[in-house]
Amino acid sequence: MTTATTRRVTIDPITRLEGHGRIEIFLDEQGNVADAYFQVVELRGFEKFCEGRPAEELPRITPRICGVCPGAHHIASTRALDDLFKVEPPPAAKKLRELYYCAHMIHSHIAHFYALAAPDFVVGPEADPAQRNILGVVAKVGLEIGGSVIKHRAYAQRIQEILGGRPTHSVMGLPGGVSRGLSEEERKQIVEWAKSEVEFGKLSLKIFDDVVLANKAYVDLILSDGYTMKTHYMGLVDEKNRVNFYDGMVRVVDTTGKEIVKFPARGTAYLEHIAEHVEPWTYLKFPYLKAKGWRGFVDGQESGIYRVAPLARLNAADGMATPAAQEAYEKFFATLGGRPVHHTLAMHWARLVELLYAAERLLELALDPEITSPEIRTLPTVTPSEGAAIIEAPRGTLIHHYQTDERGLVRGVNLIVATGNNHAAICMSVKSAAQAVIKNGEVREGLLNMVEMAFRAYDPCFGCATHSLPGEMPLVAHIYDHQGNLVRTVTR
Amino acid sequence: MAEAKKKLKLALYWAASCGGCEIAVLDVHEKILALAEHADIVLWPVALDFKYKDVEALPDGSVDVCLFNGAIRNSEQKEIAELLRRKSKVMVAFGACACFGGIPALANLFDRQSIFERVYSTTPTTVNPAKLVPQTTLAVPQGDLHLPTFYNAVYKLDDIVPVEYYVPGCPPPPELIWQAVEAIVSGKLPQAGSTLAGERALCHSCKRKKEDKKVTAFHRVHEIIPDPEKCLLEQGIICSGPVTREGCGERCLNANMPCRGCFGPTPEALEHGASMLSAAATLVEGKEEERLAPILEGIVDPAGTFYRFTLASSLLRIRDRALAAWTATAAAQPDRASGKGEEAAS
């Protein structure tokens, strides 16, 4: 199991990605980190078993890839069907989808920040693990804010339910439109909720200000080398290069923030720019920029590795499309030394800037008089063959690509999911954090949480509210001596 | 009375699933705190695997109720299902995947090799000239790395271990989850083997107008704009309402979309897909041979439509031989880390 000269640290939390994950850390003779592997130990094979299904059913099948962010798959799939059937939804249908999707973003970002990220910052990375959870957060920020968190996530779920039939695994997406419109009564209700979400978005940024930015230790941690990695960044932008979640162009910027490439989010142009590498020790593949090539697990300007998710979206854009979010965007870069920001933990702040944008955009759409139009379907007339679309999932760029026969039965599916895009970067972040906290064979007590923080920044699914509620996400590290004997177990 | 005050020990675990069942639990919102008053959650999905030894150390039968979601897709999930069964007095198959295989069981229309071939070789973005596929054991310079064995088929939970109760749905609606929790907490559980949902077909609770109309053709969902007040089947849209258990709150129908059967078959319609096929046939007007044509033309994917969530529980158990094969393998290699020499894609 271990060779004579290495020791091994296993972190086997079996945590959620598109399934489960595991971390293996190998130490060299000096007791420093020789290598680290972040393994995704599960595969379900959606790319295969979607074959033979009628394409129009995929928005009801592919969301089962991830029940934490099913709305992202539902919308990506629906937009891929627009492209497949070469059909343009009526304006109201597009707005309804985007409105639904803003609510989805709000639910996901709230769950991630408060239940997952906040325990590390609000309660503290070195705090008593028994306190380091959502209940500890509530204890610290007060019951009033705690109740507000639950309420605003519930509003977002309720909006998705109104339009999609149910909040998880919604059903309204069809090529050329949506199955259900919005009544005036429902619209008024959503306006009230959206106003409240905007205030909640502002409050969340203020909490981040008070708790994180006002604490030098946290700021130092965010800026520290262990959590810094220079990569390229990918994100969807509108015609003015502002962040967009639903439609537009995919923009990639390099490690200096310069645009390398921009391609349409609808259609198969992504094939010219993205390729995927396979490693035999994990079930998940490693996407990279084709123009740069796969150069292994290295960062920097020559590497093909890029990152997605909130930090990447802010880095890849020139601004935000709503006023309060734009202000927050400017403050973000002014504080962290300009665009691009390479500090992985800044992802949490970026997520809150996006939460505010999603809330403001939700309100804009709910106030749009066209949103209650009954014109919500364009029936497809073209024989389908191939279609693809890219949207921004809460965790980053998401690609759905379908090929069909002339009856619209699926022949080929290609999926590149948000966490897939970040897979190589997550592996490197974990290794880098491990190297920072393990020296000369000494494993600091904070190791487990510090390493966990490195990947937690990327992935709400790892410790989304559901998993964190009963307590801290527990971890165990097994430390073996050079003979392979277990000499120490660190658990929390 | 003293016993009534004793807190229940609850366990939750996910296997081959999406996490939507967990989100559904969270969607009971503030009631989750009430649950905490009555029960200690001793195991939580993420907690379980790396506390494998701790779980093993618990006395058998010391967990009161285990809510298990997800299907069984690989060796690790099977081992944990067996371990949790030993430790739990009551095992609940929670959600469509645990009950019937769910969406992941659509993979049973294919074998492992073709899934690997697609994912790691023929997808248009994959660059893999060496044809690498994930290995259950791989030697890297510093030691061995392990991955669970990916089975040739997907299994529902009661294929692997005995199950006392079933909570269907993809995901189960929060109201139904809360009813189940109340039944568990109060100890008022029905007879073992029961499904904690309605007993009748979804059509009974559906509020759409039915006119006993026959159809002459079936339409796919993107082809027509259906009347939101009327029965979808009578408008020629395939809806699994007649053979699917009620209790979901008709949420898909409220969004003007048809049922795809995530609550599984009614007690009468044990074979979900076959029952739906015959239900569709009785809707078509005309003589026997004339009635076949619209079905053949309009229903383009009968297996994937009628068995959308229930392929692993179908009598079409096309992978039974595979089940026997891996049971034999598992007996020979009881240690979960002992996948040596076993290729994930073999």
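The pLDDT is the predictor's confidence in each residue, on a scale from 0 to 100. The structure is a predicted model, in which local features require a pLDDT of at least 70 and side-chain atom pairs count only at pLDDT 80 or more, whereas totals for chains, interfaces and linings use all residues. Residues are numbered from 1 along each chain as its sequence is written, with chains lettered from A and ligands numbered from 1 in the order in which they are written.

For chain A, the average pLDDT is 86, and 85% of the residues score at least 70. The pLDDT remains under 50 over residues 1–5 of chain A, a stretch with 13 contacts (C-beta atoms, placed from the backbone, within 7 Å) beyond four places in sequence. Residues 13–19 of chain A also have a pLDDT below 50, and the model gives this stretch 33 contacts beyond near neighbours in sequence. Where pLDDT is low, the predicted coordinates should not be read in detail.

Helix 4 (residues 91–123) and helix 11 (residues 347–367) of chain A, taken as DSSP runs of H or I of at least four residues and numbered from the N terminus, have axes that come within 9 Å and cross at roughly 150°. The axes are lines fitted to C-alpha atoms over the stretch in contact, and angles run from 0 to 180 degrees between N-to-C directions. Helix 4 of chain A is therefore roughly antiparallel to helix 11 of chain A (angle over 145 degrees). Residues of helix 4 in this contact include Leu99(A), Ile106(A) and Phe113(A), and those of helix 11 include Leu352(A), Leu355(A) and Leu362(A).

Key:
Two residues are in contact if their C-beta atoms, placed from the backbone, lie within 7 Å. Helices (H or I, at least four residues) and strands (E, at least two) are DSSP runs, numbered from the N terminus. Angles under 35 degrees count as roughly parallel, over 145 as roughly antiparallel, 65 to 115 as roughly perpendicular and the rest as oblique.
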